[in-house]
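Biologist: I would like to go through this model one question at a time. Please give the reasoning before each answer.

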Amino acid sequence: MLLHFTKMHGLGNDFMVVDLVTQRARLRDEQIRALADRHFGIGFDQLLVVEPPLDPDMDFRYRIFNADGSEVENCGNGARCFARFVRDQRLTHKREIRVETRGGPLTLRSEDDGRVSVDMGTPRFAPEALPFIADEESLTHVLDVEGECVTIAVVSVGNPHAVLRVDDVDDAPVAHLGPLIEAHPRFPQRVNVGFMQIVSRQEIRLRVFERGSGETLACGTGACAAVACGIRQGLLDSPVTVHLRGGDLTITWAGGVASLLMTGPAERVFDGRVALS
Ligand SMILES: N[C@@H](CCC[C@H](N)C(=O)O)C(=O)O
């Protein structure tokens, strides 16, 4: 069969977006891995799938698959592209929609300037929320990574994140520590790993080694996770500008049970069709 798709990106974090409201298809893990391949396939960090909602009070079901085929709970840059896609495709005329994800409901709002704001919900720091194996909740934890002690903060923003502070993201050990922490036994469902450089109380630089996709040019949930951990530790003040390799995001968080708010761009690149074997 021929599957229609749209290639999109949010700050260079790129996606294949598939409408399964008007098309019928079922993608197996190995097909997703083949499509994600940048040499032999279409190439993307995540596959985003638009489906009818299971809950009638929601507008859509938003499903996310990493390049390795694993289905995950949340994707922030993807959420902005999702909001733009469903309006471009005329699947809705609403400016504000509610979508269900594995990580909980999200509210997506298309702004007048073309950017999209996402209510990402309340960050959860309890180790069991990720899950992370630890005796108690704490601002930071020390992780033994092949004999090296690494200090991390942990948070769930729907999906799990570990955040490390570094002096300079340009020479941070992303390629070395990223995969080791992603697969560390204290994270039974693996983890996304953020490397955060604090520039000022309202500005950070960030690189993220994503679970199931490797280092990406930007990670929306990673930006929310880093800001939430930084504010909780008293190092940052809201709003925070997050400089990622693909561009900037603005993250707002009032602390406590308030929602994280992420605002940024969503770009359409091209439409295509691919034969599914
Ligand atoms: N790129 C994303 C996050 C995608 C999912 C992540 N790799 C995971 O496994 O949780 C974003 O923009 O948030």
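Modeller: Val257 sits in the loop between strand 16 (247–252) and strand 17 (261–264). Bear in mind that this is a predicted model.

Biologist: Does Val257 count as buried or exposed?

Modeller: A residue is exposed if 12 or fewer other C-beta atoms lie within 10 Å of its own. Val257 has 8 C-beta neighbours inside 10 Å, so Val257 counts as exposed.

Biologist: How far apart in space are Val257 and Arg124, C-alpha to C-alpha?

Modeller: In sequence, Val257 and Arg124 are 133 residues apart. In space, their C-alpha to C-alpha distance is 8.9 Å.

Biologist: Which domains does the domain assignment give for the chain, and how far apart do their C-alpha centres lie?

Modeller: The assignment gives domain 1 (2–119 + 266–275) and domain 2 (127–258). The contact takes 20 residues from domain 1 and 19 residues from domain 2. Between the C-alpha centres of domain 1 and domain 2, the distance is 24 Å.

Biologist: On the side of domain 1 that touches domain 2, which element gives the largest share?

Modeller: The residues on that side of domain 1 divide into 5 nonpolar, 12 polar and 3 charged. The largest share of this side is 3 residues, and they come from helix 2.

Biologist: How is helix 2 oriented relative to helix 4?

Modeller: Two packed helices are described by the angle between their axes and the distance between the axes. The axes of helix 2 (residues 76–88) and helix 4 (residues 220–232) come within 5 Å and cross at roughly 130°. That crossing makes helix 2, relative to helix 4, oblique.

Biologist: Which residues of helix 4 are met by Gly76, Asn77 and Ala79 of helix 2?

Modeller: The residues of this helix contact divide into 3 nonpolar, 4 polar and no charged. On the helix 4 side, the residues met are Gly220, Thr221, Ala223 and Cys224.

Biologist: Where does the largest nonpolar core lie with respect to the domains?

Modeller: This core has 78 residues, and those with the most contacts inside it are Phe82, Ala223 and Val227. Helix 4 gives the most to the core, with 8 residues. Because both domains give residues to the core, it lies between domain 1 and domain 2.

Biologist: Which residues does Val227 touch, not counting those up to four places away in sequence?

Modeller: Val227 is among the residues with the most contacts inside the core. Leaving out residues up to four places away in sequence, Val227 touches Leu236, Val240, Val242, Ile251 and Trp253.

Definitions and conventions:
Residues are numbered from 1 along each chain as its sequence is written. This is a predicted model: local features need pLDDT of at least 70, side-chain atom pairs count only at pLDDT 80 or more; totals for chains, interfaces and linings use all residues. Axes are lines fitted to C-alpha atoms, for helices over the stretch in contact, and angles run from 0 to 180 degrees between N-to-C directions. Helices (H or I, at least four residues) and strands (E, at least two) are DSSP runs, numbered from the N terminus. Angles under 35 degrees count as roughly parallel, over 145 as roughly antiparallel, 65 to 115 as roughly perpendicular and the rest as oblique. Two residues are in contact if their C-beta atoms, placed from the backbone, lie within 7 Å. Ala, Val, Leu, Ile, Met, Phe, Trp, Tyr, Cys and Pro count as nonpolar, Asp, Glu, Lys and Arg as charged, and the others, Gly among them, as polar. A nonpolar core is a set of buried Ala, Val, Leu, Ile, Met, Phe, Trp, Tyr and Cys residues joined through C-beta atoms within 7 Å. A residue is buried if 20 or more other C-beta atoms lie within 10 Å of its own, exposed if 12 or fewer, and partly exposed in between; C-beta atoms are placed from the backbone. Domain bounds come from an automatic or database domain assignment.
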